[in-house]
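Me: I'm new to this structure and would like a close look at one part of it. Could you pick out a single strand, walk me through what surrounds it, and then place it in the wider chain?

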Amino acid sequence: MKGEEIRRRFLQFFADKGHTVVPSHSLVPNNDPSLLLIGAGMAPLKSYFTGAATPGNKRMASCQKCVRTGDIEEVGRTARHHTFFEMLGNFSFGDYFKKEAIAFAWEFLLEHLDLDAQRLWASVFEEDQEAWDIWHEHIGLPEGRIVRLGKKDNFWEIGVGPCGPCSEIYYDMGAEHGCGKEDCQPGCDCDRYLEIWNLVFIQFDKDQQGNYNPLPAPCIDTGMGLERMAAVMQDVVSNYDTDLVFPLIEHFSRLTGADYNDKKYTASLRIIADHLRSVGFMLADGILPGNEGRGYVVRRLLRRAVRHGMLCGSKESFLHTGVDTLVEMFAGFYPELEENKQLISATVKAEEDRFFATVEQGMDQLNKYLKNLSQGDKLPGSEAFRLYDSCGFPLELTEEIAAERGVEVDHQGFEQALEQQRQRGRAARGQTDGMAADKLKALLGQLPSTVFSGHERWADEVAILAIIAHGAKQQRAETGQQLFVVLDRSPFYAEGGGQVGDKGTISGEGFVLNVEDVTDYDGIHIHHVTVSQGEVAVGAKARAEVSSRRRAIEANHTATHLLHKALKEVLGNHVRQAGSLVEDKRLRFDFTHSTPVSPDQLRQIEQKVNSLVAADLPVGSENMALDEAKSQGAEALFGEKYAQDVRVVKVGDYSMELCGGTHVESTARVRGFKILSETGIGSGLRRIEAVTGDGVLHLLDEADQLLDEAAAAAKVSREALPQRIGEMNSQLREAKQQVERLQAKLLSVETGNMDSQVVDVEGIAVLARQVDTVDMAALRNQAEMLLSRLGQGVVLVAAVAGDKVNLVAVVSKDLAGKRVNAGKLVGSAAKLVGGGGGGRPDMAQAGGRNPEKVDEMLKQVPELVREQL
């Protein structure tokens with residue numbers, strides 16, 4: 001039975017039992033800072049178990065995608081460990097309990113999966129007589145196949161809070177998989193008894209004193225690993241041999257030529273397949289590679305998979321080729337994979353290319369470190385950090401490679417070096433927040449949340465609730481003082497969702513406050529003000545009025561919604577908003593896309609937005625439940641945490657997004673849209689900056705002025721400027737070619753004396769010299785000409801251009817990549833002049849910043865070649 005059929009039967013069975021089948025939640029926890037990733041079926045439903053939220057139905061069932069990396073070293077090396085897995089589960093929130101949960105499980109296994117009852121065992125918590133009795137008396141399981149286990153195995157708890165005993169169902173894989181001991185049974189460390197279903201009976205609330213207090217409404221949380229059940233139903237020993245993983249293993253085995261049955265490659269092929277499953281699903285949920293948090297998990301898994309691909313013989317990016325297979329396997333149940341296939345494939349490819357570009361250098365450096373260490377030694381943390389910082393080597397990858405040689409890595413030293421770098425970064429950025437969060441929290445005390453009236457009006461009658469200055473509360477403030485003010489209600493938008501805070505005035509009897517910024521702290525608007533007139537006191541009544549600057553902010557915010565939808569239409573549905581900045585002068589929009597947006601695509605996007613602006617579409621908002629908004633297709637900013645009730649902003653029938661910001665009343669008020677730039681800001685991330693309204697007019701004025709100045713300089717009309725530029729380019733190319741011909745003639749004369757500069761290094765002719773040229777293309781030509789005159793050997797040429805050094809190395813074909821690598825040679829030479837670079841084995845180029853060290857570097861070139869030999 002295929003994995004997808006097991007999944008379908010499970011969900012249908014519990015739907016027939018009155019359960020609401022909920023789709024898999026995102027791998028990103030919603031409003032749960034305690035979790036990095038969803039790693040269990042019950043994790044997205046935690047609020048129902050704790051009573052923080054009330055479910056629409058007290059019975060639920062799901063197939064939840066999960067990612068765990070706690071046992072990553074075991075992945076691929078055992079039959080059961082994975083980083084990605086699917087967890088089938090049925091849940092009861094104060095409805096049914098042990099008897100029904102056990103009966104449901106037994107019925108499903110026997111009547112819907114047709115398992116042999118004689119091969120099923122159950123374990124119960126040693127003190128849970130109730131569960132034992134249900135298994136024996138109600139289900140009829142012989143007492144010899146019911147095992148009592150201790151708290152370690154059969155009691156679920158995480159600190160204080162809801163907890164309880166559990167009962168696990170095991171499948172007997174057969175004596176041939178066991179340890180041979182007469183007392184072998186569930187709980188034994190051998191592979192004979194496979195746990196296929198865990199039924200958790202949440203009946204206690206553990207308090208701080210360690211007391212287990214009975215819950216008034218006990219709950220049920222069950223989990224069945226789909227991969228494990230598929231292994232049973234498909235009669236295979238390993239989860240990796242099921243149809244949920246094996247097609248990926250087959251793909252990469254064919255691609256790399258590594259035989260899965262060869263123990264040398266088995267674990268690596270499993271790791272590649274497993275990690276691609278994790279990476280693909282995380283990317284589909286908008287988690288992009290990065291150096292922290294969830295992004296680091298993606299990058300770590302991806303690079304670990306690449307490294308195992310190299311062990312299988314791959315010498316170039318390969319992982320992305322498995323994305324089509326992954327989508328074909330799972331998109332039927334997880335449509336987000338198909339929707340984001342282009343993003344997944346392109347992001348994986350880009351990350352692979354980046355890693356392959358540095359991994360060879362990193363491996364060389366790591367091998368140098370390890371060469372001087374013996375088994376049992378420790379690699380200094382500073383060297384592990386240098387690999388991480390300069391070559392992108394995750395610490396875990398360094399540890400894994402070092403462990404293969406019996407060397408330990410100084411983890412603490414690595415963390416110290418990393419923290420030192422962070423401290424340097426913080427020092428460079430400066431400390432912009434003068435008041436710690438905990439101190440601010442104490443000062444705000446029991447103040448109520450601010451009523452925000454800015455969606456309906458620009459001015460409002462308010463009362464001053466608190467004045468904070470110099471880190472302390474005070475009752476009044478005088479002219480010239482800078483302080484924080486809290487109001488009972490406010491029309492001022494507080495910075496959030498990418499939109500900057502409003503500016504304006506707060507004026508009352510005898511005082512005027514200039515509002516320079518507004519920020520939010522736990523629902524309280526903090527107005528950053530300067531007392532421009534008079535004296536203000538707590539309790540004073542005032543009029544708060546937002547400045548006209550907001551009109552431009554609103555135009556830019558509405559434009560970002562139009563831009564978001566236009567990007568999806570032109571580039572594809574894989575586009576997701578990844579951040580934004582909305583201010584009065586411009587807008588900035590970050591989005592997921594793996595390649596630069598072409599000029600033609602940018603024109604299409606710009607035209608779409610401007611046509612929508614001209615269409616004068618109405619812009620409105622509506623408050624509704626989060627689930628209702630999502631069901632209507634409202635776009636949500638990935639990673640943003642939303643309350644159960646949300647505000648939805650609609651632009652005609654064109655765009656609908658969850659948004660708390662302020663907007664124009666109709667698109668016509670945007671008054672034009674112009675893209676300023678499109679750039680890459682990270683792996684799989686692009687950024688567009690644009691202007692609207694007066695910003696567009698200002699841009700046109702500047703362009704007009706620039707055209708006039710350019711036409712005057714070229715002494716032609718504006719209309720004739722393109723033709724004149726073409727003519728000047730042709731003249732410049734011709735002059736440049738003439739210079740190159742003269743340089744070649746000069747070099748030809750100089751090469752007559754090059755024999756005296758050639759050094760023999762173990763039978764290889766090596767020439768290192770400085771030449772007079774500032775152009776890199778000419779430098780490459782000269783290097784090739786010198787090698788041609790030399791016949792066979794190695795040539796490195798250097799040229800000084802101002803305060804920079806250009807280097808080119810070339811190696812004859814009989815030596816390139818076999819005995820001497822031009823990329824490594826030029827990289828080593830560049831370091832001696834304060835730079836870096838690299839390239840192909842036969843030709844490479846680099847740069848440096850210390851011209852005064854060129855002569856000494858050239859003297860070292862023969863020795864650098866000797867090191868490679």
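Reply: Here is a walk along one strand, followed by a look at the rest of the chain.

A quick word on the ground rules: this is a predicted model, where local features need pLDDT of at least 70 and side-chain atom pairs count only at pLDDT 80 or more, while totals for chains, interfaces and linings use all residues. Residues are numbered from 1 along each chain as its sequence is written, and side-chain values use heavy atoms, with hydrogens and water left out.

Let's take strand β13, which covers residues 459–469. Strands here are DSSP runs of E with at least two residues, helices are runs of H or I with at least four, and both are numbered from the N terminus. Nine of the 11 residues in β13 are buried, so the strand is largely enclosed by the rest of the structure. Buried means under 20% relative accessible area, exposed means over 50%, and partly exposed is in between (1.4 Å probe, protein chains only).

Now for its partners; two strands count as paired if DSSP finds at least two bridges between them. β13 runs antiparallel to β22 (residues 541–546), with five bridges joining them. One place to look is Asp 460, whose bridge partner in β22 is Ala 544. Four bridges link β13 with β16 (residues 482–487), again in the antiparallel sense. There, Ile 467 sits opposite Val 485 of β16. Ile 467 also has a bridge partner in β14, namely Gln 474. β14 (residues 472–474) pairs with β13 over three bridges, antiparallel as well.

β13 and β14 form a hairpin with two residues between the strands. His 470 is in that loop, and its phi is near 55°, a positive value in a residue other than glycine. Unlike most of β13, which is buried, His 470 counts as exposed, at 74% relative accessibility. You can find another positive phi at Asp 616, about 55° although it is not a glycine. Asp 616 lies in the loop between α18 (599–614) and β25 (619–625) and is partly exposed, at 42%.

Stepping back, the chain has 24 helices and 35 strands. Buried residues make up 49% of its 869 residues. Its C-alpha atoms fill a box of roughly 105 × 85 × 50 Å along the principal axes.

Away from our strand, have a look at the largest nonpolar core, which has 113 residues. Such a core is a set of buried Ala, Val, Leu, Ile, Met, Phe, Trp, Tyr and Cys residues joined through side-chain atoms within 4.5 Å. Leu 109, Leu 115, Trp 135, Ile 196, Trp 197 and Met 229 touch the most other members. Helix α8 (residues 263–284) gives the most to this core, with 10 residues. Apart from it lies another core of 30 residues, including Leu 562 and Phe 589.

One last stop is Glu 86, in strand β3 (residues 84–93). Glu 86 is buried, with a relative accessible area of 0%. Leaving out residues up to four places away in sequence, Glu 86 touches residues including Arg 7, Met 224 and Tyr 334, where contact means heavy atoms within 4.5 Å.
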